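Biologist: Please take a close look at the largest pocket of this model. How much space lies in the largest pocket, and which residues are the closest to its centre?

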Amino acid sequence: MRKRKYLKTVLGLTTLGILTIALTACSITPKKYDSKAKLGPQVHTTITGIDAGAGIMSSTQKVIPAYGLKEQNWQLQTSSTAAMCSQLQKSIKYKQPIVVTAWQPHWMFKKYPIKFLKDPKNIYGKAEEIKTVSRKGFEKDNPGAYKFFQQFHWNSNLMGDVMYQNFKGADPQTTAKQFIKDHPQQVAEWTKGVPDGNGKKVRMTYVTWDDAIASTNVTAQILRDKGYNVTISAMEAQPQWASIARGSADVTTSAWLPTTSGPLYQKFKNQVQVVATNCPGAKVGLAVPKYMKNVNSIEDLKK
């Protein structure tokens with residue numbers, strides 16, 4: 001009997017303890033950004049990044065010592081685009097501070113109130129352009145498809161619309177078809193003078209960046225509608241460029257030049273050909289939420 005009472009008492013106290021912890025956890029509110037306090041400790045002197053192999057990550061590794069952030073133990077956290085955007089969303093929800101690697105065009109600038117930080121030392125370089133790059137000999141082998149890629153060009157807004165639909169869960173191929181339906185004049189401009197493909201093969205490759213997924217699926221679908229037999233293959237950046245250089249792939253629409261894809265272009269430039277600029281005014285750098293009003297430059301991170 002005593003044993004039963006003892007067990008009931010223990011169970012009761014345990015349940016009460018768990019309930020107390022749960023209620024306490026629920027009452028904890030994440031700390032909001034404090035403009036009067038030093039930024040570093042608020043973000044654990046951490047810049048939230050993406051995949052280790054991305055060009056923006058190597059540029060950011062140069063930013064840290066160039067702006068005197070290394071002395072304050074700032075670090076670049078490797079994650080993924082999805083993980084970075086998830087953390088950004090959570091921080092904005094609670095008005096917390098966060099510093100992220102960012103690039104445009106990207107849907108994050110449509111969904112979240114964020115801003116680029118000024119880069120007075122120009123470590124990230126000037127505005128980039130997204131280029132279409134093909135293997136040598138592609139123009140001779142497939143002049144119709146080559147002509148289309150010469151004429152394909154859009155802007156950050158159009159690309160951002162496609163990326164945002166994909167982000168919300170739409171199938172990229174479905175989004176591409178809807179874009180084509182909604183922009184007949186644009187598509188007619190891109191395909192002017194382009195002959196029917198009659199089953200001619202086009203092998204496209206891309207890195208799984210949101211902009212690349214958007215441009216690859218849109219261009220592939222347009223060419224399919226013209227009768228070309230288009231295949232698309234996702235790869236890491238190094239294999240992507242190598243596949244075009246050695247001729248196992250024909251073309252990519254996701255070469256960020258001169259900075260992000262610059263090292264790979266320099267490595268393979270004698271084996272590839274720049275076809276055209278398909279999206280001008282691309283940009284990479286660091287970004288923060290707009291409510292961090294007193295942080296407008298990378299120099300402000302150490303204040």
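Modeller: What follows describes the largest pocket and its lining. This is a predicted model, in which local features need pLDDT of at least 70, side-chain atom pairs count only at pLDDT 80 or more, and totals for chains, interfaces and linings use all residues. Residues are numbered from 1 along each chain as its sequence is written, and side-chain values use heavy atoms, with hydrogens and water left out.

About 660 Å³ of space lies in the largest pocket. A pocket here is an open set of points on a 1 Å grid over the protein atoms alone, where a 1.4 Å probe fits, with protein on both sides within 12 Å along at least five of seven lines. Grid points are joined across faces, edges and corners, and the volume is the space filled by probe spheres set on the points.

The lining (residues with an atom within 4 Å of a point) has 33 residues, and the closest to the centre are Asp51, Gly53, Ala54, Val207 and Trp209. Two or more lining residues come from each of H3 (55-66), H4 (81-93), H11 (210-225), H12 (237-246) and H13 (262-268). These are helices, that is, DSSP runs of H or I with at least four residues, numbered from the N terminus. H4 gives the largest share, five residues.

By class, the lining has 15 nonpolar, 14 polar and four charged residues. Ala, Val, Leu, Ile, Met, Phe, Trp, Tyr, Cys and Pro count as nonpolar, Asp, Glu, Lys and Arg as charged, and the others, Gly among them, as polar.
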